[in-house]
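Please open the model in your viewer and keep the sequence panel beside it, since each stop on this tour begins with a selection. The route goes from one element to the next, with a few single residues at the end.

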Amino acid sequence: MKYFKLPDLGEGLPEAEIVEWHVKEGDQVKTDQILVSVETAKAIVEVPSPQDGVIAHLFGDAGDTIHTGEPLIEYASEEDEDTGTVVGKIPDADNSAQGDQFIIGAAPSTRAHQAVRTTPAVRALAKRLNVDLTGLQGSGRDGTVTPQDVEQAANMDRKHGRAEPLRGVRKQMAKTMAAAHAEVVPVTLCEDVDIDCWPEGTDVTMRLVNAIAGACKASPAMNTWFDGNTLSRRQHSKIHLGVAVDTDQGLFVPVLRDIGGRSSEDLRAGLDQMRADVKARTIPPKELQGATITLSNFGTIAGRYASPIVVPPQVAILGAGVIREQPVAVNGELKIHRVLPLSLTFDHRAATGGEAARFMREVLQILERKSFEESNG
């Protein structure tokens with residue numbers, strides 16, 4: 001027997017969720033034939049077969065999460081050697097008795113993430129009440145799930161409907177936001193910029209990209225990665241901008257590389273291509289990693305100001321709200337101008353208030369100019 005385990009799908013992604021199997025047990029497959037489509041943190045990836053063979057067993061169903069290095073396929077074969085895959089006996093899930101308790105989990109490498117400690121009687125009760133024990137927090141000794149825990153979960157399902165676990169992009173987004181909340185010391189600085197001088201049809205996103213590039217050069221502390229464990233900063237010579245893209249599946253943040261060294265036309269073409277790839281779910285994982293600062297243009301939907309989330313190791317994110325007409329004072333007179341609200345959140349562990357304020361001031365000055373030519377001049 002041979003086991004094909006989930007390979008590293010790029011940049012050390014730790015897990016993937018099964019979207020669809022393209023084969024079934026008993027099928028004869030060829031090398032490079034697509035076996036399964038899986039969803040990583042941000043993209044859908046098709047996994048090919050590393051060899052010819054007959055499928056003896058599929059590990060997991062659609063919706064299940066598989067960690068890198070865990071088995072995907074078992075091949076029926078008389079050969080002892082495997083080409084490009086990991087060979088060995090795969091231990092069964094550990095359901096052995098520990099006193100009168102059992103540990104319910106998947107493969108051993110995932111048990112730390114989703115193990116549930118309970119008893120046979122409670123397992124039988126959960127089955128009768130149709131309660132999923134996976135992820136249920138136990139109130140008993142050492143986290144043991146009790147009958148009361150199961151009954152409470154069943155009552156919640158009856159009153160409010162069964163909870164739907166987050167999957168794919170939304171699951172990863174939740175993990176990322178929780179980690180950011182735990183690690184970052186955020187401060188948000190808000191300002192308004194008068195853009196009434198902009199000509200009709202101005203590309204707002206590219207103006208913001210251009211302003212961030214200029215501001216990072218004037219205040220490089222914002223174009224930095226910070227390591228909270230070693231309390232060290234890594235300032236970047238190039239500016240790689242993450243651009244938040246909202247989709248029905250969740251939030252994607254593709255990365256525009258070297259925004260300070262490319263033309264606006266080239267950047268616009270690159271952003272359009274990345275957005276198309278995000279919509280088609282074909283964007284490579286590497287195009288979603290490596291941002292040194294982020295832009296969230298939430299004003300294309302709604303909202304004036306916000307407290308955008310800084311995702312480590314980045315230090316800053318600029319949010320742009322809805323452009324609106326409002327009264328402004330111009331040379332002592334009250335006029336109606338178009339105004340763009342901005343919100344800059346920065347990690348105060350890595351940057352001072354002065355550095356953030358100088359960055360914001362530079363953004364304002366660049367955006368207040370009439371055209372790209374003036375802002376680049």
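**Strand 21 and its partners**

Begin by selecting strand 11 (residues 186–194) together with strand 21 (residues 333–347), which pair in the antiparallel sense over 9 bridges. The model is a predicted one. Within this pairing, leucine 189 stands opposite leucine 344 in strand 21.

Next add strand 19 (residues 316–320), which pairs with strand 21 in the antiparallel sense over 5 bridges; here glycine 319 has serine 343 of strand 21 as its bridge partner. Then add strand 20 (residues 324–330), which is also antiparallel to strand 21, with 7 bridges between them, and where valine 328 has lysine 335 as its bridge partner in strand 21. Strand 20 and strand 21 form a hairpin with 2 residues between them, and asparagine 331 in that turn has a positive phi of about 50 degrees.

**Serine 343**

Stay in strand 21 and select serine 343. Is this residue buried or exposed? Serine 343 has 0% relative accessibility and therefore counts as buried. The side chain of serine 343 reaches the backbone nitrogen of alanine 306 at 3.1 Å. If you display the surroundings, leaving aside residues up to four places away in sequence, the residues that serine 343 touches include Thr188, Leu189, Cys190, Tyr305, Pro308 and Met360.

**Two cysteines**

Cys190 is among those contacts of serine 343, and it makes a convenient next selection. Cysteine 190 counts as partly exposed, at 38% relative accessibility, whereas cysteine 216 counts as buried, at 4%. A search of the whole structure finds 0 disulfides.

**Helix 5**

Cysteine 216 is one of the buried residues of helix 5, so select that helix, residues 204–218, as a whole. Helix 5 has 15 residues and reaches 21 Å from its first C-alpha to its last, close to the 21 Å expected at 1.5 Å a residue. How many of the 15 residues of helix 5 are buried? The count is 12 of the 15, so helix 5 is largely enclosed by the rest of the structure. Among the buried residues are Arg207 and Asn210, along with Leu208, Val209 and Ile212. Now move to the start of helix 5, where a side-chain oxygen of aspartate 203 reaches to within 3.3 Å of the backbone nitrogen of threonine 205.

**The sheet of strands 1, 8, 6 and 3**

Turn to the open sheet of 4 strands, whose order is 1-8-6-3 and whose pairing is antiparallel. Strand 1 (2–5) and strand 3 (28–29) stand at the edges with a single partner strand each, so one side of each is left without a neighbour in the sheet. Strand 1 and strand 8 pair over 4 bridges in the antiparallel sense, and phenylalanine 4 stands opposite isoleucine 73 in strand 8. Strand 8 (residues 71–76) is also joined by 4 bridges to strand 6 (residues 53–58), again running antiparallel, and leucine 58 likewise stands opposite isoleucine 73.

Now show the side chains of strand 1: Lys2 and Phe4 point one way, Tyr3 and Lys5 point the other way, and all are buried. Tyrosine 3 has a relative accessible area of 13%.

**The aromatic pair**

Keep tyrosine 3 selected and add phenylalanine 59. The count of aromatic pairs comes to 1. Tyrosine 3 and phenylalanine 59 form this pair, which is tilted, at 6.2 Å centre to centre and with 50 degrees between the planes. Tyrosine 3 lies in strand 1 and phenylalanine 59 in the loop between strand 6 and strand 7 (65–67), so the pair ties together parts that are 56 residues apart in sequence.

**Backbone details in the loops**

Most residues other than glycine have a negative phi, and most peptide bonds are trans. With that in mind, select proline 312 and proline 313, which are linked by a cis peptide bond with omega near 10 degrees; proline 313 lies in the loop between strand 18 (293–296) and strand 19.

Next select asparagine 130, in the loop between helix 2 (120–128) and helix 3 (147–160), where phi is positive, near 60 degrees. Asparagine 130 counts as exposed, at 52% relative accessibility.

Finish at aspartate 258, in the loop between strand 17 (255–256) and helix 6 (264–280). Phi of aspartate 258 is also positive, near 50 degrees, and aspartate 258 is partly exposed, with a relative accessible area of 23%.

Notes. Residues numbered from 1 in each chain as written. Predicted model: local features only at pLDDT ≥ 70, side-chain atom pairs only at ≥ 80, totals over all residues. Heavy atoms only, no water. Expected span 1.5 Å × (residues − 1). Buried < 20%, exposed > 50% of the residue type's maximum accessible area, 1.4 Å probe, protein only. Polar contact = N/O pair within 3.5 Å; in protein donor to acceptor, adjacent residues only side chain to side chain. Pairing = 2+ DSSP bridges. Disulfide = S-S within 2.5 Å. Contact = heavy atoms within 4.5 Å. Phe/Tyr/Trp six-rings, centres within 6.5 Å; stacked < 30°, edge-to-face > 60°.
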